[in-house]
Amino acid sequence: MKKMILLLMAGLLVTPVAQAQEKQQPRVYSLVVDRFLNGTEKNNAHIHNDDDDHLPYGGDFQGIESKLDYIKDMGFNVIHISPIFKHEQNDYLGYKVSNYDTIDAVYGGDKDFKELVKKIHDNKMKIIVDMPVVATKEFTPLKSPAMNEIQKAYYGNTQIIDLQNAANQEKYKKKMAAFVKTYQVDGLSMYTLQDGIDAQKIMPDLPLNIAILNKGMAAKNFDYIQKEESTLKLANGFKTTDQPLPDSFGKNELLAADNFFMPRFTKYAADENMFPGTRIKLLLSYLLSQNQPMSMTYGTEIAMNGGQMPDMHQLLDFRTEKEVTDYLQETSRVFDKYREMFDGKMQVLMNKNGNQVIHYDTDKVDFIYNLNNTDKATKVELGTDVVPEGKMLSGLLIGDAIHEKDGQFDLITNREEAELYAIIKDRGLNIGYIIASVGVIIAFTLFIILAARKSKRNK
């Protein structure tokens, strides 16, 4: 009943705000094709998995297609998938490619992939495919790839393409261009294994080209870049309470707390003996509050754990507790509804050991985001220099209503809680809300009385 009243309160207090027409930032759901869902047994002739997690499970394009609503309902508008080219039979991740010109039949092949792309576009979503950089026979290999420890363990002696070599660049770009032309994907991504890769020299010009970088590396002319340094800051900032949080990022940074070749975010929280569900919800709320592209690795919504392969890439269990998925659905809808909050100036007012307050200054309605990632309830005081006289703060996620008292506004949040406020005209005591609340209580009381009387008659 409390939740019902809070939602009713928010609806009655908030002045309707026109949705922004500006293009929404990419919200990426990143998945390993083999580990997402096995949609059909028809392409499983080569799957011989006797409970060996190092071997393929049989996930395929049909499995992804059957769950597009599941992904979209969580607020994601881009699906990012692991490599899909013909590859070593026992390589579930798909990077040990043997032929860049063929879609692997184990995933469903050419026809099923085209159908998946069509269905994604029909759902007004976009698709990005991750590109391998393994040196097949037509490429000159790189002498010293730059890999993290997980990548070294995975690739072993597998040779990597030297993408600073002009001849390699020309051949690679030609193959990528043919792939894009044939399948009409919206973007390509790449775990760059050498420094200074230039997207213009190896990739077609697409709106969603992404470089995923190891620590200390750089890349050129990609639309978006995921930096390991920022990824680690986010993972460590939200693994437990009272941690420092970043307050700014590069203009084209893709924000995430892990990727295919890093320990799962859940592992950071579990190592701190923290409840993963709460940690994940706060992380995702924070990512949605930033005017940046964001990415979430599949399985985060069910707190998938793991620090090494193959534990990091378990099969997704769609029957697990829906706490995070429900939270994502509700929270992403709020940020979508009030998308114009990102049209103006965004300023961090406070950033102290996990408690961060952001002010969104727009030409229409201003907003305040208050993240309390600490181990206790906090009170943040805002003056009339931030919230003008005659205004109030109306909560959009939890439902708090804050009025001016002695020239200030007290934002009080429980531990591990986040709230987004709209700054609206102070309407004083909301009679409609009071009447509605009383009505709910009376209706509930009458229901209990009638149920009790019926129970007595039945006896």
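In this predicted model, a good place to start is Thr-241, which sits in the loop that links helix H9 (228-238) to helix H10 (265-271). Although part of a loop, Thr-241 is buried, because its relative accessible area is 9%, and buried means under 20%. The side chain of Thr-241 forms a polar contact of 2.8 Å with the side chain of Asp-242. Beyond its neighbours within four places in sequence, Thr-241 is in contact with Met-274, Arg-279, Asn-373, Thr-374, Asp-375, Arg-415 and Glu-416.

Attention can now turn to strand E19, which spans residues 417-425. This strand is mostly covered, with 8 of its 9 residues buried. Strand E14 (residues 366-372) is joined to E19 by 7 bridges, and the two run antiparallel. Within this pairing, Tyr-421 in E19 has Ile-368 standing opposite. Strand E16 (residues 391-395) also runs antiparallel to E19, and 5 bridges join them. Here Ala-422 in E19 is the bridge partner of Ser-394.

One residue of strand E19 that rewards a closer look is Glu-419. Is Glu-419 buried or exposed? Its relative accessible area is 0%, so Glu-419 is buried. The side chain of Glu-419 makes polar contacts with two backbone nitrogens: that of Leu-397 is reached at 2.8 Å, while that of Gly-399 lies 3.0 Å from a polar atom of the Glu-419 side chain. Both Leu-397 and Gly-399 also appear among the residues in contact with Glu-419 when neighbours within four places in sequence are left aside. That set further includes Ile-368, Tyr-369 and Asn-370, as well as Gly-395, Leu-396, Ile-398 and Asp-400. Ile-368, listed here as a contact of Glu-419, is the residue that stands opposite Tyr-421 in E19.

The helices offer another view of the model. Helix H11 (residues 276-289) packs with helix H12 (residues 323-337) at an angle of about 20 degrees, and their axes are 10 Å apart. Angles under 35 degrees count as roughly parallel, and H11 and H12 are therefore roughly parallel to each other. Their crossing is right-handed. On the H11 side, the residues that meet H12 are Gly-277, Ile-280, Lys-281, Leu-284, Ser-285, Leu-288 and Ser-289. On the H12 side, their counterparts are Glu-323, Val-324, Tyr-327, Leu-328, Thr-331, Ser-332 and Phe-335. Arg-279, one of the residues in contact with Thr-241, falls within the residue range 276-289 of H11.

The last stop is another loop residue, Asn-38, placed between helix H2 (33-36) and helix H3 (61-65). Asn-38 counts as partly exposed because its relative accessibility is 28%, whereas Thr-241 is buried. The side chain of Asn-38 takes part in two polar contacts described here. One, at 3.2 Å, is with the side chain of Glu-41; in the other, a polar atom of the Asn-38 side chain lies 3.4 Å from the backbone nitrogen of Thr-40. Which residues does Asn-38 touch, not counting those up to four places away in sequence? They are Asn-44, Tyr-57, Gly-58, Gly-59 and Asp-60. In addition, Asn-38 and Gly-63 are 25 residues apart in sequence, while their C-alpha atoms are 5.1 Å apart in space.

Key: Residues are numbered from 1 along each chain as its sequence is written. This is a predicted model: local features need pLDDT of at least 70, side-chain atom pairs count only at pLDDT 80 or more; totals for chains, interfaces and linings use all residues. Side-chain values use heavy atoms; hydrogens and water are left out. Helices (H or I, at least four residues) and strands (E, at least two) are DSSP runs, numbered from the N terminus. Buried means under 20% relative accessible area, exposed over 50%, partly exposed in between (1.4 Å probe, protein chains only). A polar contact is a pair of N or O atoms within 3.5 Å; within protein, one must be able to donate a hydrogen and the other to accept it, and residues adjacent in sequence count only if both atoms are side-chain atoms. Contact means heavy atoms within 4.5 Å. Two strands pair if DSSP finds at least two bridges between them. Axes are lines fitted to C-alpha atoms, for helices over the stretch in contact, and angles run from 0 to 180 degrees between N-to-C directions. Angles under 35 degrees count as roughly parallel, over 145 as roughly antiparallel, 65 to 115 as roughly perpendicular and the rest as oblique. A crossing is left-handed if the near helix is turned anticlockwise from the far one by less than a right angle, and right-handed if clockwise.
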